[in-house]
Amino acid sequence: MTDAPKPGTPLVEFDNLKVRFRGERTVHAINGVSLSMQPGEMLGLLGESGSGKSVTLKTLLRLLPPKRTDIEGGVRVNGTDIKTLSGRRLAAYRGGEVSMVFQEPALALDPVYTVGDQIAETVMRHKGVSRRAAMDVALDMLTRVRIPSPERRLKNYPHEMSGGMRQRAMIALALACRPQLLLADEPTTALDATVQIQILLLLRELQKEFGMGVIFVTHDIGVAVEVSDRIAVMYAGNIVETGTTRDVIKDPRHPYTKGLLAANLHGAVKGERLDAIPGSPPALEEPPSACSFAPRCAFARPACLEALPPEIDLGGGHKVRCVLEQDQVKTPQPVEA
Amino acid sequence: MSKTDPRSAKADRGGPNQPLIIAKDLKKHFPIRSGLFNRQSATVRAVDGVSFDVKKGETLGIVGESGCGKSTTARLLVGLIDLDEGHIVFDGDGLGEDISLKELRRGVQMVFQDSYASLNPRLTIVDSVAFGPKILGLGNPTGRARDLLGRVGLDPNRFADRYPHELSGGQRQRVNIARALAMEPRLVILDEAVSALDKSVEAQVLNLLNDLRREFGLTYVFISHDLNVVRYISDRVLVMYLGEVVEIGPADVIYENQAHPYTASLFAAMPSMDPDNLTEEPPLAGDPPNPIDPPSGCRFHTRCKFAEGVCSAKTPKLSVIGGDDTHQAACHMQEPGSGHSAAIKEAAE
Ligand SMILES: Nc1ncnc2c1ncn2[C@@H]1O[C@H](COP(=O)(O)OP(=O)(O)OP(=O)(O)O)[C@@H](O)[C@H]1O
Ligand SMILES: Nc1ncnc2c1ncn2[C@@H]1O[C@H](COP(=O)(O)OP(=O)(O)OP(=O)(O)O)[C@@H](O)[C@H]1O
Ligand SMILES: [Mg+2]
Ligand SMILES: [Mg+2]
């Protein structure tokens, strides 16, 4: 565990994070992400496939292959630079202070152990309690994630559960050690609407109860709206817009965010063409030296291709990386109460 | 792509009013084996008496809870698994009577949920797409494949020679769509085919599907958990619950007016998109019942807030809703004389 943080310390702080993969092809996956998140905050991370959402989460958990990955910039959790963690401190950090829910339960749940054993094992490792006490925690967690007949389900193997139930078991596993930060990578994409909303409401409730921070990755804007206090939109390894959920959804400023919202099908009319953003994202073989979205942007002008776009602060925590906003916001907007 | 290729099963044999495919009382039960002697201990009633038809040129959406039998229904339609009971009629020809399984497969292609498992890892994607047309002896398979890759948004100059592991999930799914289209099918079944795509690529692929439908007169069966997508793409929607059809009708009608309580819960579960108006309560609690031993009568009665005695005693039949015979639901509240307090007392004479 890291030392007790000073009051006011952000839960997560990225300072100009850059992640590059070396190998046959070099990939500049993260290109200068700066973001901070307060304890207990729920952040929705949106963005196109390949924009770096999963890499951001994996960086936080130190899950990237160390030999092939170059990481630059700061990543602090509760004030501790996580790049300095190793050995036992790293093991305690992973799954203890920070844990992750994956898109595919198969990645997190081991098919050869019962769900109860897996949760108890994690609790014993992190909290150093007896097997019996750990089993009690496991039972309590299954109850909290509202799995019916939890005593019986403790003895189930993962394949004996339905998809929705497995997803809940995985959330139980991730929350068993009361992490301060939960990373959820598209945890509901494979679920139908009725189960999805159950899981989202459950996460919202547990988040309030445990007071943990959550980073929730999704490409479904409706889902992001249901769970997030704040939304960050990624494009080509950078955060192009961030703000409260209301600001980003009702008053999107970055052309990519606008495109993403327009491509969403809520209220789309049958037979009419959908507004897909034309083109495809950049290859990321070189670090960006200009706005990465400019080649696909209907509003692009020469300035967009000359330098990296500045980050414009619109007030109230609403920030956007786009030259168009530079001219429009001469005076800072009043900060919302 | 030529429309007059003599070898393609494209010939419109039944005429415009003949549905392209008719499914009659389809049943598929899977045996479950367990115990010391691996004896069959139970059966999963995955698809349990499903009937519907798909008209030429229309798109039929299929929705329903995870595990309700959507993919199994799709596999039956393509002939990937054998029917236990029921009939499939393709453009007027009965499967096993007038046409063989091979002929059916020629006319029906499927794009699967799992993009990775369905591509050969040793073939470049252009070869994967060209493979089917080559076997069928269609002209210029590679040119055709490159053209289709371009059409699904994968620039052939950049992507044609890549292997599946060099693509993202969304890109692989587009290869699968191109591969299905390369066979010049008349019916394409898309099983969660856009679920792995991000919204912008999804919009591109949906536009593409609409273009291809117009251009080649395709008919689609579209399975998805995303109700916004289903509404956009489908002319009619079929709702399944635990192996049965509970409601079917025109998409716009069902989206405005759900007749079956399960359908109503499903639609109420859609995320709101409005930060000032978040969902507070899940519209449907609990997990679906076990398909090995489904509830008696109406299978939804264990989770339905309108359930009465009749619901567990009698199986509801599909009945016409509001005088519009294109809209049907299987609910005792909609069936005159069923005995449910919300139903009309007697069938109007
Ligand atoms: N271990 C790795 N080695 C090399 N490149 C990688 C590795 N992991 C990710 N990448 C690349 O980094 C970029 C960002 O990937 P990431 O998985 O973060 O995308 P994502 O935003 O999560 O996309 P999706 O929505 O498809 O999950 C992609 O170009 C990807 O190919
Ligand atoms: N080969 C099989 N052997 C045994 N059971 C099976 C088999 N295939 C499917 N099932 C069972 O049949 C039922 C229907 O499965 P199916 O895959 O058709 O559901 P689905 O509606 O497509 O679900 P999802 O939305 O999760 O894809 C499930 O209970 C499933 O576990
Ligand atoms: Mg990802
Ligand atoms: Mg399925």
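A polar contact here is a pair of N or O atoms within 3.5 Å. In this predicted model, ligand 1 offers a handy place to apply that cut-off. One of its oxygen atoms is 3.2 Å from a polar backbone atom of S51(A), and an oxygen atom of ligand 1 also has a backbone N or O atom of G52(A) at 3.0 Å. A side chain joins in as well: a polar atom of R68(A) lies 3.3 Å from a nitrogen atom of the ligand. Taken alone, ligand 1 exposes 640 Å², and the protein buries 68% of that.

As for who sits around ligand 1, the shell holds 13 residues, and S49(A), G50(A), K53(A), S54(A) and V55(A) are the closest. Two elements of chain A, strand β2 (27-37) and helix α1 (53-61), each give two or more residues to this shell. The largest share comes from α1(A), with three residues. By character, the shell of ligand 1 splits into four nonpolar, five polar and four charged residues.

Over in chain B, ligand 2 is surrounded by 14 residues, with S66(B), G67(B), K70(B), S71(B) and T72(B) coming nearest. S66(B) puts a polar side-chain atom 2.6 Å from an oxygen atom of ligand 2. The backbone takes part through C68(B), which has a polar atom 3.2 Å from an oxygen atom of the ligand. H225(B) contributes from its side chain, where a polar atom lies 3.1 Å from a ligand oxygen. On its own, ligand 2 has 640 Å² of accessible area, of which the protein covers 65%.

The elements giving two or more residues to the shell of ligand 2 are β2 (39-54) and α1 (70-78) of chain B. Helix α1(B) gives the most, three residues. The make-up of this shell is five nonpolar, seven polar and two charged residues.

Now for the rings. A pair of aromatic rings is described by the distance of the centres and the angle of the planes. With a cut-off of 6.5 Å between centres, the count comes to seven aromatic pairs over all chains. One of them brings together Y241(B) and F300(B), edge-to-face, with 5.1 Å from centre to centre and 85° between the planes. These two residues are 59 apart in chain B and link distant parts of it: Y241(B) belongs to strand β9 (residues 236-241), while F300(B) lies in the loop between α10 (261-268) and α11 (309-313). Both Y241(B) and F300(B) are buried.

Y255(B) and F267(B) make another edge-to-face pair, at 4.5 Å centre to centre and with 80° between the planes. This pair, too, links distant parts of chain B, with Y255(B) in helix α9 (residues 251-256) and F267(B) in helix α10, 12 residues apart. Y255(B) counts as buried because its relative accessibility is 10%, and the threshold for that label is under 20%. F267(B) has 9% relative accessibility and so counts as buried.

Chain A has its own aromatic grouping, in which ring pairs link Y235(A), Y256(A) and F293(A) into a cluster. Charged side chains also meet rings in this chain. R178(A) lies over the face of F210(A), at 4.0 Å from the ring centre. The charged end of K258(A), in turn, sits over the ring of F299(A), 5.9 Å from its centre.

Note on methods: Residues are numbered from 1 along each chain as its sequence is written. Chains are lettered from A and ligands numbered from 1 in the order in which they are written. This is a predicted model: local features need pLDDT of at least 70, side-chain atom pairs count only at pLDDT 80 or more; totals for chains, interfaces and linings use all residues. Side-chain values use heavy atoms; hydrogens and water are left out. Rings of Phe, Tyr and Trp (its six-membered ring) pair if their centres lie within 6.5 Å; planes under 30 degrees apart count as stacked, over 60 as edge-to-face and the rest as tilted. Helices (H or I, at least four residues) and strands (E, at least two) are DSSP runs, numbered from the N terminus. Buried means under 20% relative accessible area, exposed over 50%, partly exposed in between (1.4 Å probe, protein chains only). A charge sits over a ring if NZ of Lys or CZ of Arg is within 6 Å of the ring centre and within 35 degrees of the ring normal. A residue is near a molecule or strand if one of its heavy atoms lies within 4 Å of it. A polar contact is a pair of N or O atoms within 3.5 Å; within protein, one must be able to donate a hydrogen and the other to accept it, and residues adjacent in sequence count only if both atoms are side-chain atoms. Accessible areas come from the Shrake-Rupley method with a 1.4 Å probe; for residues, only the protein chains shown count as cover. Ala, Val, Leu, Ile, Met, Phe, Trp, Tyr, Cys and Pro count as nonpolar, Asp, Glu, Lys and Arg as charged, and the others, Gly among them, as polar.
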